[in-house]
Amino acid sequence: MKRQTAASIVVTVLLSVSLGAATPIQQRRNSFTPAEDVRLGRQAAAEVRQQLPMLNDRATEILVERIGARLVAAVPARFRQPAFRYSFDVVNAREINAFALPGGPMFLNRGMLQAARTDDEVAGVMAHELSHVVLRHGTLQAAKAQKFQLGAIAGQVLGSIVGGRTGQVISQGSQVGLGTYFMKYSREYEREADLLGAQIMARAGYDPRQMANMFRTIQQRGGSQGPEWLSDHPDPGNRYAAINREAATLTVAGSADTGPAFESVHARLAQMPPAPATRRGN
Ligand SMILES: [Zn+2]
């Protein structure tokens, strides 16, 4: 314990010296307006709530809403979208997954919450998803899909944003099925969401290294609880090291301290009947 304390003092000193060296992130031109992000996301969220089993556990929702609100408040000013409306729902599914829709709705699988060891790890996944939202990666992807005449029907676009098995389930529930072309974010979008996510975490009082740890946990899980999240959010290369490198340029602002609430929700989820697996597509 003594050694750790000494080490953390050294780290704190190093961090304050290198403060302000966070990697700059660009805003891309987007053919959708922010209001269209909101409208599309709201339609898609309604569809998600119909197609996927929601956990509907108030204590769990309060926790994720609390973490989410801290993160949203910590979005750097130049990436804030006043029109966006954030919501945080928990899906009763065992896969380690999470996704966020344009304009703000975010969905977290119960399996992700149960695989996380700390609230900082949950915050890591949420900060990454939130970064996709504020950088408007979903509608940037949808704009690519439109070039291929896939149209802008919510279910199609939603499938392209959500991707993987979950995306298949949702797009099958809509009028038209979706191909697999646009299920993944590009590695460049992933790199940006990792970096901005780390920056948002630090500003919110969460340790960004825990995002790297959570992604490593996700990578190490296999089998039926396999990392669908990874297929939708491909490793931009040396992800663990890159996030930790960014974290070393950041100063964590205070402590978010949702730890006790996280422990209690973790225990609560463990006592419920196991979460079902997401029904496979095809
Ligand atoms: Zn991602």
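How are the donor residues of the zinc ion spaced in sequence? The pattern reads H-x3-H-x57-E-x42-H. Before I continue, please note that this is a predicted model.

Let me turn to the zinc site itself. The ion is coordinated by NE2 of His128, NE2 of His132, ND1 of His233, and Glu190, which is listed with two OE entries. The coordination distances run from 1.9 to 2.4 Å. Two of these donors, His128 and His132, belong to helix α5, which covers residues 119-134. They are four residues apart, about one turn of the helix. Both His128 and His132 are buried.

Helix α5 brings us to the nonpolar interior. The largest nonpolar core has 51 residues, and the members touching the most others are Leu71 and Met126. Helix α5 is the leading contributor to this core, giving eight residues. For Met126, setting aside neighbours within four places in sequence, the contacts are Val64, Ile67, Gly68, Leu71, Phe88, Met106 and Leu108. A second core, separate from this one, comprises 10 residues, among them Ala44, Ala45, Met54 and Leu101.

I close with the aromatic residues. The structure contains three aromatic pairs. One of them joins Phe84 and Tyr86 in an edge-to-face arrangement, with 6.5 Å centre to centre and 65° between the planes. Are the two partners buried or exposed? Phe84 has a relative accessible area of 3%, and because the limit for a buried residue is under 20%, Phe84 counts as buried. Tyr86, at 25%, is partly exposed.

Definitions and conventions:
Residues numbered from 1 in each chain as written. Predicted model: local features only at pLDDT ≥ 70, side-chain atom pairs only at ≥ 80, totals over all residues. Heavy atoms only, no water. Donors = N, O, S within 2.8 Å, 3.2 Å for Na, K, Ca; no water. Helix = DSSP H or I, 4+ residues; strand = E, 2+ residues; numbered from the N terminus. Buried < 20%, exposed > 50% of the residue type's maximum accessible area, 1.4 Å probe, protein only. Core = buried A, V, L, I, M, F, W, Y, C linked by side-chain atoms within 4.5 Å. Contact = heavy atoms within 4.5 Å. Phe/Tyr/Trp six-rings, centres within 6.5 Å; stacked < 30°, edge-to-face > 60°.
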